[in-house]
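I opened this notebook page to record what I looked up in one protein model, moving from the overall fold to single side chains.

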Amino acid sequence: SDYKLIGRSLQDVIIEPIRSILIPGYDEVKNSAIQAGALGCSISGSGPSIFAFSNSRNIAQNVSEAMSDALNRIDISSDIYISQINKTGPKVIE
């Protein structure tokens with residue numbers, strides 16, 4: 001429940017600055033997400049997917065629209081997926 005910690009945990013000062021230069025508009029997308037209420041925003045794996053965390057579905061919707069708008073401003077299309085965090089963890093299926 002420590003949402004500020006989640007946001008701080010997404011601040012990558014080592015790899016993100018290097019990988020982000022390969023994603024057009026990354027800084028604008030990230031800033032748009034944060035301004036729309038995201039707890040944090042970062043690159044998924046080595047990219048180019050970008051994700052953001054929020055603490056409500058309404059904020060997630062606003063964040064997704066802000067991220068999409070930022071990409072649209074530089075003529076990049078995107079697919080947006082909003083989902084809940086898996087609270088139960090992995091399961092073994094036999």
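The entries below go through the fold, the salt bridge, the pocket and the surface in turn.

**Entry 1, the fold.** I note at the outset that the model is predicted. I looked up the secondary structure and found 4 helices and 2 strands, which follow the pattern α-α-α-β-β-α when read along the sequence. For the dimensions I took the C-alpha trace, which spans about 45 × 30 × 30 Å along its principal axes. I then turned to burial and found that, of the 94 residues of the protein, 26% count as buried.

**Entry 2, the salt bridge.** Side chains of opposite charge can pair when their charged atoms come close. I searched for such pairs and found that the structure holds 1 salt bridge, in which the side chains of K30 and E16 meet at 2.7 Å, N to O. The pair links distant parts of the chain, with K30 in helix 3 (residues 26–35) and E16 in helix 2 (residues 16–20), 14 residues apart. I also checked the accessibility of the two partners, and both K30 and E16 are buried.

**Entry 3, the largest pocket.** How much space lies in the largest pocket? I recorded about 1100 Å³, with a lining of 34 residues, of which F51, A52, F53, Y81 and I82 lie nearest the centre of the pocket. The elements that give two or more residues to this lining are helix 1 (3–9), strand 2 (50–53) and helix 4 (57–73). Helix 4 provides the largest share of the lining, 7 residues. Sorted by character, the lining residues divide into 20 nonpolar, 11 polar and 3 charged.

**Entry 4, a nonpolar surface patch.** On the surface I found a nonpolar patch formed by Y3, I6, F53 and I85, which together have about 350 Å² of accessible area. F53 therefore appears twice in my notes, as a member of this patch and among the residues nearest the centre of the largest pocket. I followed up I6, which has its place in helix 1; I6 counts as partly exposed because its relative accessibility is 33%, and partly exposed is the class between 20% and 50%.

**Entry 5, D69.** Is D69 buried or partly exposed? This residue of helix 4 counts as partly exposed, because its relative accessibility is 41%. I also looked up the separation of D69 and S32, which are 37 residues apart in sequence and 8.6 Å apart in space, C-alpha to C-alpha.

Key. Residues are numbered from 1 along each chain as its sequence is written. This is a predicted model: local features need pLDDT of at least 70, side-chain atom pairs count only at pLDDT 80 or more; totals for chains, interfaces and linings use all residues. Side-chain values use heavy atoms; hydrogens and water are left out. On a 1 Å grid over the protein atoms alone, a cavity is a set of points where a 1.4 Å probe fits but cannot get out, and a pocket is an open set with protein on both sides within 12 Å along at least five of seven lines; lining residues have an atom within 4 Å of a point. Grid points are joined across faces, edges and corners, and a volume is the space filled by probe spheres set on the points. Ala, Val, Leu, Ile, Met, Phe, Trp, Tyr, Cys and Pro count as nonpolar, Asp, Glu, Lys and Arg as charged, and the others, Gly among them, as polar. Buried means under 20% relative accessible area, exposed over 50%, partly exposed in between (1.4 Å probe, protein chains only). Patches are made of residues with over 30% relative accessible area and no salt bridge: like charges are joined within 9 Å, nonpolar side chains (Val, Leu, Ile, Met, Phe, Trp, Tyr) within 5 Å. Accessible areas come from the Shrake-Rupley method with a 1.4 Å probe; for residues, only the protein chains shown count as cover.
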